[in-house]
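Please find below a few notes to read alongside the model. They go from the overall form down to a single residue.

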Amino acid sequence: TLGDLGFLAGEPDLARAAIERGVRMSESQGAVSLQGAHGRLGRQLLLDGRAAEAVEALEHALSFCSDGSRQAEPWLRQALAQAWLAAGDPARARAIAEETLNGCLQIGARLFAIEAALVLSVALRAETGVTAAARIDEVLATADRLIAESGACNMTAFVLVERAALSALHDDARQQEMHLRHAHEAFTKMGATGRARQTAAALGKLAS
């Protein structure tokens with residue numbers, strides 16, 4: 001749980017020690033513990049900017065998904081898509097995120113679907129730019145619908161960041177700034193200090 005909090009807050013130092021301890025403890029436990037520990041290790045490595053190691057950790061976590069222990073597979077796969085994106089392979093990230101989003105929508109895994117939609121938006125933008133704008137808008141609308149249905153309102157800030165990036169593709173600085181300001185307010189309100197710093201920095205660049 002602390003690892004999830006650190007990732008969502010964008011604070012690399014918050015849970016590093018706890019995650020490392022969790023990985024050590026999981027080695028003597030079952031598949032579910034191994035999935036969770038190595039999956040969170042992968043996201044920690046993403047926060048630390050170590051994308052290749054994150055891919056390795058997440059693929060290792062997925063290796064423990066088998067019949068009877070697949071509950072975490074959609075979450076791990078969307079995290080793997082994030083790792084491949086950070087590693088500089090948007091095409092692979094897009095394919096994994098698209099498949100994961102579709103699978104989550106089929107089984108009603110709304111929280112995982114929101115995260116998959118977010119990484120799909122980033123991957124589409126990185127792979128094809130403005131030509132994917134209509135598809136990105138559609139994906140973000142899906143995320144908004146899932147947030148409304150599930151009550152996962154803290155994810156709205158992440159959608160706003162992506163809407164700001166979409167506005168940038170359209171060279172609409174006014175809309176970009178508006179979305180970033182709303183995202184910054186939301187991150188600040190929910191205590192996601194690292195994410196708030198990132199959006200503040202993006203607003204500073206726009207102002208300059």
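**Notes on the predicted model**

1. With 208 residues, a compact globule would be expected to have a radius of gyration near 17 Å, and the protein, which is a predicted model, has 17 Å, so the value agrees with that expectation.

2. As for its extent in space, the C-alpha trace spans about 55 × 35 × 35 Å when it is laid out along the principal axes of the protein.

3. The secondary structure consists of eleven helices, with zero strands, and reading along the sequence therefore gives the pattern α-α-α-α-α-α-α-α-α-α-α, in the terms of the helix and strand assignment used here.

4. Turning to the interior, buried residues make up 45% of the 208 residues in the protein. Among the contacts with a separation of 6 or more, 55% are accounted for by residues that lie 24 or more positions apart in the sequence.

5. The accessible surface of the protein comes to about 10,200 Å², and 54% of this surface belongs to carbon and sulfur atoms.

6. One place to look at on that surface is a nonpolar patch of about 260 Å², which is made by Leu2, Leu5 and Leu14. Of these residues, Leu2 is found in helix α1, which covers residues 2-9.

7. Is Leu2 to be called buried, partly exposed or exposed? Its relative accessibility is 38%, and because buried means under 20% and exposed means over 50%, Leu2 counts as partly exposed.

Terms used
Residues numbered from 1 in each chain as written. Predicted model: local features only at pLDDT ≥ 70, side-chain atom pairs only at ≥ 80, totals over all residues. Heavy atoms only, no water. Patch = residues over 30% accessible without salt bridge, like charges linked within 9 Å, V, L, I, M, F, W, Y side chains within 5 Å. Areas by Shrake-Rupley, 256 points an atom, 1.4 Å probe, with all protein chains shown as cover. Salt bridge = Lys/Arg side-chain N within 4 Å of Asp/Glu carboxyl O. Helix = DSSP H or I, 4+ residues; strand = E, 2+ residues; numbered from the N terminus. Buried < 20%, exposed > 50% of the residue type's maximum accessible area, 1.4 Å probe, protein only. Rg over C-alpha atoms; globule rule 2.2 N^0.38 Å. Contact = heavy atoms within 4.5 Å.
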